[in-house]
Amino acid sequence: PPPQPLRRASLFELNSNIAAAEAAFDRAEADARIDKDAPALGNVKRAVKPVRSAKRALRAAKTAKREAQKEQKQRWLFGLLDAGVAVRLDEHMSHKWWALGHVDTEVKNAVSKHSDTQGNAGVGSPCGVAEAVFTWLAQCTNPKRSRELGGELPDQRVPARYTLESWRKLATDNKYVRSMKTAAASGEPVPRKDIQREKLLHIPVPNIAGLAPSVTAPSWLTEANWLSSLADKDSTFKIKLQLAHAHTDTAPHRDNGGCDTWMRVLAGKVLVACWSHADALRHGVSEPEVDEPTLDVDWQTVVTMKSARLFLLKPGQTLLMPAGTVHYVYTVEEKAVIAGDVLTICGWERRRQSCWRDEGSTEHEKEKEVEELLDKLRVRVRAEAEALSATAPPPSTFRRECLKRLYDVARAEMLQLQRRGDKGGGDGATMEAMRVLGDKIAGW
């Protein structure tokens, strides 16, 4: 669904409140200047008090508008996640609803500048985007660290550590060219491991000194995202940088942990095909083995799925994929991408099913992944209960709805654990937090 703007009446009321508070503040300041001319100390005190009161009222009016706009964006996000279907935000919507700081503009300028200085060796040609990104990052970094950052960015999935020179070499890898020529001559499919050029994937942005200051997740998203509080402890949940050569792909797969995934294209072009986990199981189009000797996707089956979507992502656009979404990624032009994960109470059953993996997992592995998801649920329950216990204004209607959903899901999970013989999940702190949440919800 497209994001719904604040209702005209609501927005008019919020703006009217701010205007009235500003007018009252101006009048109070004017009165204070008149009273301060009188020598009596009592006059000064009487003059300052209305100014302070008007200033508090103005601050409250502006806060009310910010909160309304924040909840508007969170409602929009929760609606998308509950729908369970991948969606693309165009460049305008990405900047308005999914702003990530200055990274879009800075990478765009770096690629454009690199293209100008390199002539035709810029965007769309081998190494154009990566060279621009490496060069820009080196310029953003303290000279003492420029060598460290100048390319020795670790890929968590490949043991090698890359420099810009090694990236150039990978772009024209003889093994890749040889494998493709052999395939063309013999007509035989080539194993995926022989035709895939290496990618720089999942490099935590905070680890890249030149990039980190330019990337900031929207505050409304950080507040709604359970993973925000876990990012400092686990690099899995940090925003990541990805670099990939043109004409490489990633087999159909689901991302981990029952989390929603988003990606912002900074440079290059990416083709992404998405379908839901439920449709994948229903139609038998699930995740192949990594070394499966084919790149083919069963498109004839994919196009019959109600959840199937095909997106061509260009710079500045954002893709949001709900938990469990199976996706196939093909890099049309060498790309630089920023990506991250989101975890909320929305679509909980779908998250659980995604963790309870379908193929190639033992019962123990399935239970372990579900338990990790439940741990995050417990952490959120305790955090929300602690926040409600503190002195704070009553939560808004939207926040009460979210807390009610959280309580209902946590209660159902605990009852299920009790039926299996686990006494409330074995966590006294969570049980106490549930009691606090339950009492607050009953009181509302």
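# A chat about side chains and their partners

Student: Which residues do ring pairs link into a cluster?

Tutor: Ring pairs link W76, W97, W98, W220 and W262 into a cluster. Rings of Phe, Tyr and Trp (its six-membered ring) pair if their centres lie within 6.5 Å; planes under 30 degrees apart count as stacked, over 60 as edge-to-face and the rest as tilted.

Student: Ok, and what are we looking at here, before I go on?

Tutor: This is a predicted model, where local features need pLDDT of at least 70 and side-chain atom pairs count only at pLDDT 80 or more, while totals for chains, interfaces and linings use all residues. Residues are numbered from 1 along each chain as its sequence is written, and side-chain values use heavy atoms, with hydrogens and water left out.

Student: Cool. Back to the rings: what lies over the face of W97?

Tutor: That's K73, at 5.9 Å from the ring centre. A charge sits over a ring if NZ of Lys or CZ of Arg is within 6 Å of the ring centre and within 35 degrees of the ring normal.

Student: How many aromatic pairs does a search of the whole structure find?

Tutor: Eight. One of them is F78 with F398, a tilted pair with 5.8 Å centre to centre and 35° between the planes. F78 is in helix α2 and F398 in helix α15, so to speak distant parts of the chain, 320 residues apart. Helices (H or I, at least four residues) and strands (E, at least two) are DSSP runs, numbered from the N terminus.

Student: Are F78 and F398 buried or exposed?

Tutor: Both are buried. Buried means under 20% relative accessible area, exposed over 50%, partly exposed in between (1.4 Å probe, protein chains only).Student: Why is the pair of W299 and Y328 edge-to-face?

Tutor: Their ring centres are 6.0 Å apart and their planes sit at 80°, so the pair is edge-to-face. The two come from distant parts of the chain, 29 residues apart: W299 is in helix α12 (residues 299–302), and Y328 is in strand β10 (residues 326–342). W299 is partly exposed, with a relative accessible area of 35%, whereas Y328 counts as buried at 9%.

Student: New topic. How many salt bridges are there?

Tutor: A search of the whole structure finds 15. A salt bridge is a side-chain nitrogen of Lys or Arg within 4 Å of a carboxyl oxygen of Asp or Glu.

Student: Why can side chains pair like that?

Tutor: Side chains of opposite charge can pair when their charged atoms come close.

Student: Where's E401 in this, and what does it form a salt bridge with?

Tutor: E401 forms one with R75, and the closest N and O atoms are 3.6 Å apart. E401 lies in helix α15 (residues 397–419) and R75 in helix α2 (residues 41–83), so the pair ties together parts that are 326 residues apart in sequence. E401 is partly exposed at 38% relative accessibility, and R75 is partly exposed too, at 42%.

Student: What about D82, which residue does that one form a salt bridge with?

Tutor: R405, with the closest N and O atoms 3.1 Å apart. D82 is in helix α2 and R405 in helix α15, 323 residues apart, and the pair links distant parts of the chain. D82 counts as partly exposed at 37% relative accessibility, and R405 does at 32%.

Student: And R351 with D260: how far is it from N to O?

Tutor: It's 2.7 Å in that salt bridge. This pair also links distant parts of the chain, with R351 in helix α13 (residues 348–355) and D260 in strand β7 (residues 260–275), 91 residues apart.

Student: Is R351 buried or exposed?

Tutor: Buried, with a relative accessible area of 0%. D260 is buried as well, at 0%.

Student: Which residues are linked in a network of salt bridges?

Tutor: E67, K70 and E223.

Student: Switching again: how many disulfides does the structure hold?

Tutor: Zero. A disulfide is a pair of cysteine sulfur atoms within 2.5 Å.

Student: Why no bond for C259?

Tutor: The closest cysteine sulfur, in C355, is 7.5 Å from the sulfur of C259, and that's too far for a bond. C259 is buried, with a relative accessible area of 3%.

Student: And C402, what's the closest cysteine sulfur there?

Tutor: The one in C346, 6.9 Å away and again too far for a bond. C402 is buried, at 18% relative accessible area.

Student: Last one: where is S94 found?

Tutor: In helix α3 (residues 91–97). S94 counts as buried, at 0% relative accessibility.

Student: What joins the side chains of S94 and T318?

Tutor: A polar contact of 2.9 Å. A polar contact is a pair of N or O atoms within 3.5 Å; within protein, one must be able to donate a hydrogen and the other to accept it, and residues adjacent in sequence count only if both atoms are side-chain atoms.
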